[in-house]
Amino acid sequence: MSTWVEQVSSSHRLQLATTAVVSGLLVGGAIIGYQNTSRRHRVHELKDSIPDPKQKHDIFKINEFGAAAADGSRSTKEDERGAALAARARLGDYDEELILEQLARNRVFLTDEGLGKLRKAFIIVVGVGGVGSHAAAALARSGAGKIRLIDFDQVSLSSLNRHAVATLADVGTPKVHCLRKRLEQIVPWTHFDCRNELFSGATAESQLAPWTSDGQAPDFVVDAIDNIDSKVDLLAYCHKHNIKVISSMGAGCKSDPTRVFIGDISSSTDDPLSRSTRRRLRMRGIKEGIPVVYSQEKTGPGKAQLLPLPEEEYKKGDVGELSALPDFRVRILPVLGTMPAVFGLCVANHVMLSISGYPHEYLPSKSRDKLYDGILSGLQGNEERLVRAQGGDPLGLKIAVTHDDVGYMVEEVYRGRSVVSGLSTRLSLLRWKKPETGFVDNSIQGQRVSNLKLGDLVLMTKDEAQRHEKEVLKGDKTVEDLYDEKVRKLVEARMNEERLYRAQR
């Protein structure tokens with residue numbers, strides 16, 4: 001040992017090498033110590049930023065706990081230049097001839113008068129995801145003067161397959177600011193009002209309020225919400241306050257653009273979101289008068305569909321805790337990126353034509369009015385035959401079921417399919433069970449009225465209905481004798497569902 005020390009002390013090179021090794025160890029230790037301290041500090045900061053689970057959360061401030069700046073202030077030099085140009089343009093520092101040149105194709109199509117109406121319009125887009133972003137972008141590019149964007153959500157990586165303008169750089173930023181920032185670079189003269197908020201019935205009055213600077217009321221509202229509670233609140237508010245609105249139904253699990261229609265909500269079919277929306281609006285006394293964009297495409301083998309949650313998720317506890325917000329969706333719908341764009345552009349097209357006054361008559365979807373009339377006529381005949389079979393006089397017999405009731409039972413309750421076979425052709429409504437007190441309500445003086453109620457009805461094919469009438473309603477068999485447990489449980493579930501909605505109407 002002494003020999004090595006002597007060698008080191010006598011050798012200049014060994015002294016330098018030893019000094020270097022010791023210095024390296026000291027620096028390395030200092031770096032590792034600093035990294036560990038910084039890591040512990042960041043972990044503590046992160047833990048401190050997470051709200052207490054017992055604390056009541058303000059869902060309107062959800063972005064404060066995410067990666068996004070609440071005002072979308074994360075920007076590049078290009079964004080800053082675009083924002084500066086937009087600020088000047090909105091103050092009038094932009095050549096009118098340049099604006100008209102940019103809008104030249106719309107101008108010759110809609111005429112000066114129509115384009116002028118669109119440029120003065122105030123449009124609100126609620127929900128700026130796949131559908132809403134395309135609708136807002138098309139409206140802005142076409143000359144809409146004032147656009148309010150309402151959405152609580154942030155751009156995610158999975159948004160990029162269908163969002164109109166979002167890029168990788170926008171991931172983690174509020175969708176409303178992402179959209180505004182990009183559109184300002186295309187139409188700097190358009191005025192935007194961004195509300196990074198969740199829409200609800202409680203906030204509808206302020207969120208759908210007139211434009212702040214001049215008090216202009218909204219000319220049109222676009223509903224591109226995919227949460228059923230918020231959607232119904234929005235449509236009901238607009239209907240009550242006579243605000244023009246168009247609603248986008250579900251684009252998820254759809255792939256056929258030739259089956260997309262624009263029509264009244266009362267006529268939309270084959271869409272679970274539309275069905276749920278119609279039901280809840282009926283409870284608020286709204287049956288029609290709201291235009292919607294919807295798809296008539298039916299599910300089938302090999303087609304995308306909403307998959308059930310794995311059983312292990314249910315075993316973990318309340319699956320509602322998996323949603324981003326209370327009463328919000330838990331499962332993610334498969335979405336082909338092109339279909340939300342189709343829906344959004346159809347929405348924008350309708351708004352532009354309506355505001356500008358351009359004539360528009362849409363190809364109607366396949367009407368089912370004749371189907372409902374036929375089913376109602378068949379139900380009337382069935383009740384008359386049952387009264388006659390019991391020795392009664394069916395002349396003048398009335399049933400308390402209307403054309404609208406038939407549509408409601410066929411589409412909403414039984415989904416347009418027989419409870420026995422699941423077939424959707426040659427359908428018929430009739431009683432499920434034979435009543436114990438006969439088929440006529442004798443409590444009404446001077447009237448011969450059937451005691452039939454909506455909750456008594458089931459949907460079958462005509463062949464199945466003939467057998468059911470013969471063996472159950474006229475014969476001695478019971479439904480337990482004729483149908484297996486699967487059919488009986490389905491009927492019970494549908495009747496309970498109808499009873500629930502009827503009680504809330």
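In which helix do Arg180 and Glu184 both lie, and how many residues apart are they? The close-ups below start there, and please keep in mind that this is a predicted model.

**View 1. Arg180 and Glu184 within helix α7.** Both residues belong to helix α7 (residues 175-184), where they sit four residues apart, about one turn of the helix. Their side chains form a salt bridge, with the closest N and O atoms 3.4 Å apart. Arg180 counts as buried because its relative accessibility is 18%, and Glu184 is likewise buried, at 5%. Look for Arg90 as well: Arg90, Arg180 and Glu184 are linked in a network of salt bridges.

**View 2. A salt bridge between strands β2 and β3.** Here Arg148 pairs with Asp193, and the closest N and O atoms are 2.7 Å apart. This pair links distant parts of the chain, with Arg148 in strand β2 (residues 146-150) and Asp193 in strand β3 (residues 191-195), 45 residues apart. Both Arg148 and Asp193 are buried.

**View 3. The salt bridge of Asp112 and Arg107.** The side chains of these two residues meet at 2.6 Å, N to O. Asp112 is partly exposed, with a relative accessible area of 48%, and Arg107 counts as partly exposed at 31%. The structure holds 25 salt bridges.

**View 4. A nonpolar surface patch.** Val108, Phe109 and Tyr358 make this patch of about 310 Å². Phe109 lies in helix α5 (residues 104-120) and is partly exposed, at 48% relative accessibility.

**View 5. Arg275 in helix α10.** Helix α10 spans residues 272-283. Arg275 is buried, with a relative accessible area of 16%. Beyond its neighbours within four places in sequence, Arg275 is in contact with Glu411, Glu412 and Arg415.

Terms used
Residues are numbered from 1 along each chain as its sequence is written. This is a predicted model: local features need pLDDT of at least 70, side-chain atom pairs count only at pLDDT 80 or more; totals for chains, interfaces and linings use all residues. Side-chain values use heavy atoms; hydrogens and water are left out. Helices (H or I, at least four residues) and strands (E, at least two) are DSSP runs, numbered from the N terminus. Buried means under 20% relative accessible area, exposed over 50%, partly exposed in between (1.4 Å probe, protein chains only). Contact means heavy atoms within 4.5 Å. Patches are made of residues with over 30% relative accessible area and no salt bridge: like charges are joined within 9 Å, nonpolar side chains (Val, Leu, Ile, Met, Phe, Trp, Tyr) within 5 Å. Accessible areas come from the Shrake-Rupley method with a 1.4 Å probe; for residues, only the protein chains shown count as cover. A salt bridge is a side-chain nitrogen of Lys or Arg within 4 Å of a carboxyl oxygen of Asp or Glu.
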